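Please open the model in your viewer and set the display to a cartoon, with side chains ready to be switched on as each selection is made. The tour below moves from one selection to the next and says what is found at each stop.

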Amino acid sequence: MKPALRVLLVVVAAAVVTQAGAAAPARTKLLARPNVVIFWNARAGLLGVGYCARGVSRCAGGSVQRTNDGGRTFHVVLRSPKPIVDIERVGSGGAIAVPSVGEAWRTLDGGRTWRKLLFRPMFWASPRVSVRVDAYYQRRTQKLALRLSNDGARTFRRLANPCNQTVTYNAYVDLVTPKLWWMICVGQPAGGTMDKAIFRTRDAGKTWRAGAANLVSLRRGAHGGLGTYGYPNGLAFAKNGFGVVTESSGTLFITRDGGRNFHPDRKVDRPNLDYAAGAAAFSDGTAYLLLKAGLPARLLETHDFGRTWRVVRRWRS
């Protein structure tokens, strides 16, 4: 068992008195501040952090930290001169860690070794299978091109994108396996609300099945429990259809039937207070959710398909 994550104290300037009697600058304590979390399975995952001064956003350095016990303890597997602001899961043991400035790093062995690479925003099912979403314009209307790579992002081929039949401001994809994916299409933000539509494919994007949607601005109404309030910023699904949709301003939506019906949980992700910064869901009913409320953060878990949640760990900044 690895020791618990310790608060990193970095001395920026020593608090000493000079011979002239003037005090040198006071010490500045830099605390680990989580920015993103991923999980490969119900026990193992990675946390991306920045080391920041207490109570402010000034940060100096960062790291990627691994957990093997569901987030109860972490140990550093990569140090960065800049905060780690994003981590993309790449299959069952891979990840891409993205700093606020500079090149990204990739691991394919659970964080034991890392190599630098040029980061391009994509969603990964494995080191070879990835999807990217590109915006383009058809006359004056924005559309989204969905592109699939089977050779490690060297070449892509275009797929039919169901978002183009609904809303096309942005889209997020969760590649659960190389063939089983879920996607949420979202519309333009408008006063705290946003249109949303869920789709699923079982054949790597050849065919799509529609799930819950809320397309009020298109006058198509709503079904499946997705509210218009809130801005989705990700989704996480298990093979059996248990999943969550997270939001940067809104609430947490939980599904247990593959995305046809969702249930909001406003007690877990508090609207206008919490910012979702990563989630994972697994077929045994386990799920994780990293929430940031301003500078403090907390990691939550469920083991009963989202019916109850408990705090695994807190970070106070």
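What follows is a walk through a predicted model, taken strand by strand and then through its cores and spaces.

Begin by selecting residues 59-67, which make up strand β3. Of the 9 residues in this strand, 7 are buried, so β3 is largely enclosed by the rest of the structure. Add residues 45-53, strand β2, and you will see that β2 pairs with β3 in the antiparallel sense over 7 bridges, with Leu47 having Gln65 in β3 as its bridge partner. The two strands form a hairpin with 5 residues between them, and Gly55, in the turn, has a positive phi of about 80°. Now add residues 75-80, strand β4, which pairs with β3 in the antiparallel sense over 5 bridges; here Gly62 has Ser80 in β4 as its bridge partner.

Next, select residues 170-175 and 181-186, the strands β13 and β14, which pair in the antiparallel sense over 6 bridges. These strands also form a hairpin with 5 residues between them, and Asp174 stands opposite Trp182 in β14.

Which residues touch the most other members of the largest nonpolar core? Show the side chains of Val131, Val173, Leu175, Trp181 and Met183, which have that place among the 21 residues of the core. The elements giving two or more residues to this core are β11 (141-149), β13, β14, β15 (196-201) and β16 (209-215). Centre the view on Val131: leaving aside neighbours within four places in sequence, its contacts include Met122, Phe123, Leu146, Leu148, Val173, Leu175 and Trp181, and Arg147 is also in contact with Val131. A second, separate core of 19 residues includes Leu47, Val49, Ala297 and Trp315, and Leu47 is the residue already met as the bridge partner of Gln65.

Turn now to the spaces, beginning with the largest cavity, which holds about 60 Å³. To display its lining, select Trp182, Ile198, Phe199, Arg200, Arg209, Ala210, Gly211, Gly258, Gly259 and Arg260. Strands β15 and β16 are the elements that give two or more residues to this lining, which by class has 4 nonpolar, 3 polar and 3 charged residues.

Finish at the second largest pocket, where about 240 Å³ of space lies. Of its 14 lining residues, Val167, Tyr169, Gly187, Gln188 and Asp195 lie nearest the centre, and the lining as a whole has 5 nonpolar, 8 polar and 1 charged residues.

Technical notes: Residues are numbered from 1 along each chain as its sequence is written. This is a predicted model: local features need pLDDT of at least 70, side-chain atom pairs count only at pLDDT 80 or more; totals for chains, interfaces and linings use all residues. Side-chain values use heavy atoms; hydrogens and water are left out. Two strands pair if DSSP finds at least two bridges between them. Helices (H or I, at least four residues) and strands (E, at least two) are DSSP runs, numbered from the N terminus. A nonpolar core is a set of buried Ala, Val, Leu, Ile, Met, Phe, Trp, Tyr and Cys residues joined through side-chain atoms within 4.5 Å. Buried means under 20% relative accessible area, exposed over 50%, partly exposed in between (1.4 Å probe, protein chains only). Contact means heavy atoms within 4.5 Å. On a 1 Å grid over the protein atoms alone, a cavity is a set of points where a 1.4 Å probe fits but cannot get out, and a pocket is an open set with protein on both sides within 12 Å along at least five of seven lines; lining residues have an atom within 4 Å of a point. Grid points are joined across faces, edges and corners, and a volume is the space filled by probe spheres set on the points. Ala, Val, Leu, Ile, Met, Phe, Trp, Tyr, Cys and Pro count as nonpolar, Asp, Glu, Lys and Arg as charged, and the others, Gly among them, as polar.
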